[in-house]
Amino acid sequence: MHEKGLSLAQKAKEMDIDTLEGLKRCQLFAGLTDEEIISLAHQVRYRVLRYRKGELFTLAGAVCQHAAIILSGEMAAKLVAPTGRIIQMSLHHSGNMLAPAFLFARDNTYPVTVEAQSDCQVFRLHRDDMAALLAADARVNMNFVRILSNIISYLTKKVSVMSMNVREKVCHYLHEEMVRQHSVLLTLPLSRQAIADTFSIQKYSLQRCLSELKADGVIDFEGRAVHILKPQELEV
């Protein structure tokens with residue numbers, strides 16, 4: 001039992017400052033002070049787990065029994081296609097929750113395999129403790145609802161994108177990056193292969209499309225550096 005009256009610095013030391021900083025990046029705790037985050041965390045049982053690059057966090061089909069927040073590093077969600085090709089579905093960064101939509105679902109099995117893309121630290125607590133956390137603070141509860149709502153919105157858009165042809169998919173991706181980076185001078189965060197896998201297309205199809213967009217004067221590129229010359233041509 002933790003003593004009442006401990007200073008924030010003492011409580012943070014008990015928790016580990018890196019854990020606190022990672023939790024502050026998570027939307028689950030948006031609007032909460034450091035003191036409030038630490039106080040809530042001390043009301044539940046949690047563990048901080050470490051994963052090496054290439055180590056599996058979970059396999060597709062495993063039961064989701066724990067809430068998990070990435071404190072540091074990156075993890076990729078991957079799906080094995082019927083052809084055996086591995087498709088990277090999403091990349092998760094520090095502050096992201098892993099599969100929150102499946103935690104309380106009737107079918108609470110992971111649909112994808114999750115693997116560490118770099119050395120990672122993960123804040124993990126059992127779903128019963130997660131339920132207690134949600135009940136303890138109305139703001140955390142609403143933040144969790146927003147996270148789930150954003151996932152639904154993202155998946156709806158992803159289904160729409162998957163119905164596009166190759167050029168439309170590439171234009172959509174470049175437009176999204178232009179908006180995200182607030183610039184027409186882009187540095188692509190993913191490799192060509194990773195981008196192709198995201199859209200379930202062949203790498204050569206992606207490269208051909210980029211070359212066509214360059215020939216049409218829509219973009220110019222070298223490596224991961226892309227200059228958008230005609231932003232209006234990217235709107236799908």
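These legends go with a set of close-up views of a predicted model.

**View 1. The largest pocket and what sits around its centre.**
Start with the open space: the largest pocket takes up about 1,900 Å³. It has 45 lining residues, and those closest to the centre are M89, S90, L91, H92 and Y154. If you are wondering how the lining breaks down by residue class, 26 of its residues are nonpolar, 12 are polar and seven are charged.

**View 2. Elements that build the pocket lining.**
Which element gives the largest share of the lining of the largest pocket? That would be α5, with 11 residues. Helix α5 has company, though: β4 (75–80), β5 (86–92) and α6 (166–181) are also on the list of elements that each supply at least two lining residues.

**View 3. R146 on helix α5.**
Here we stay with α5, which covers residues 138–162 and includes R146. Is R146 buried or exposed? Neither, quite: with a relative accessible area of 47%, R146 is partly exposed, because that label covers everything between the 20% and 50% cut-offs. Look across to Q27 as well: Q27 and R146 are 119 residues apart along the chain, yet 8.6 Å separates their C-alpha atoms.

**View 4. R180 and its partner E177.**
Now over to helix α6, where R180 has its place. R180 has a relative accessibility of 51%, so it counts as exposed, the cut-off being over 50%. Its side chain isn't without a partner: a polar contact of 2.8 Å links it to the side chain of E177.

**View 5. C64, a buried cysteine without a bond.**
How many disulfides does the structure hold? Zero. Take C64: the closest cysteine sulfur belongs to C26 and lies 14 Å from the sulfur of C64, so the two are too far apart for a bond. C64 is also buried, since its relative accessibility is 0%.

**View 6. C171 and its nearest cysteine neighbour, C209.**
C171 is another cysteine in no disulfide, and the nearest cysteine sulfur, in C209, sits 6.0 Å away. A disulfide needs the two sulfur atoms within 2.5 Å, so the pair of C171 and C209 does not qualify at 6.0 Å. As for exposure, C171 has a relative accessible area of 4% and is therefore buried.

Key: Residues are numbered from 1 along each chain as its sequence is written. This is a predicted model: local features need pLDDT of at least 70, side-chain atom pairs count only at pLDDT 80 or more; totals for chains, interfaces and linings use all residues. Side-chain values use heavy atoms; hydrogens and water are left out. Helices (H or I, at least four residues) and strands (E, at least two) are DSSP runs, numbered from the N terminus. Buried means under 20% relative accessible area, exposed over 50%, partly exposed in between (1.4 Å probe, protein chains only). On a 1 Å grid over the protein atoms alone, a cavity is a set of points where a 1.4 Å probe fits but cannot get out, and a pocket is an open set with protein on both sides within 12 Å along at least five of seven lines; lining residues have an atom within 4 Å of a point. Grid points are joined across faces, edges and corners, and a volume is the space filled by probe spheres set on the points. Ala, Val, Leu, Ile, Met, Phe, Trp, Tyr, Cys and Pro count as nonpolar, Asp, Glu, Lys and Arg as charged, and the others, Gly among them, as polar. A polar contact is a pair of N or O atoms within 3.5 Å; within protein, one must be able to donate a hydrogen and the other to accept it, and residues adjacent in sequence count only if both atoms are side-chain atoms.
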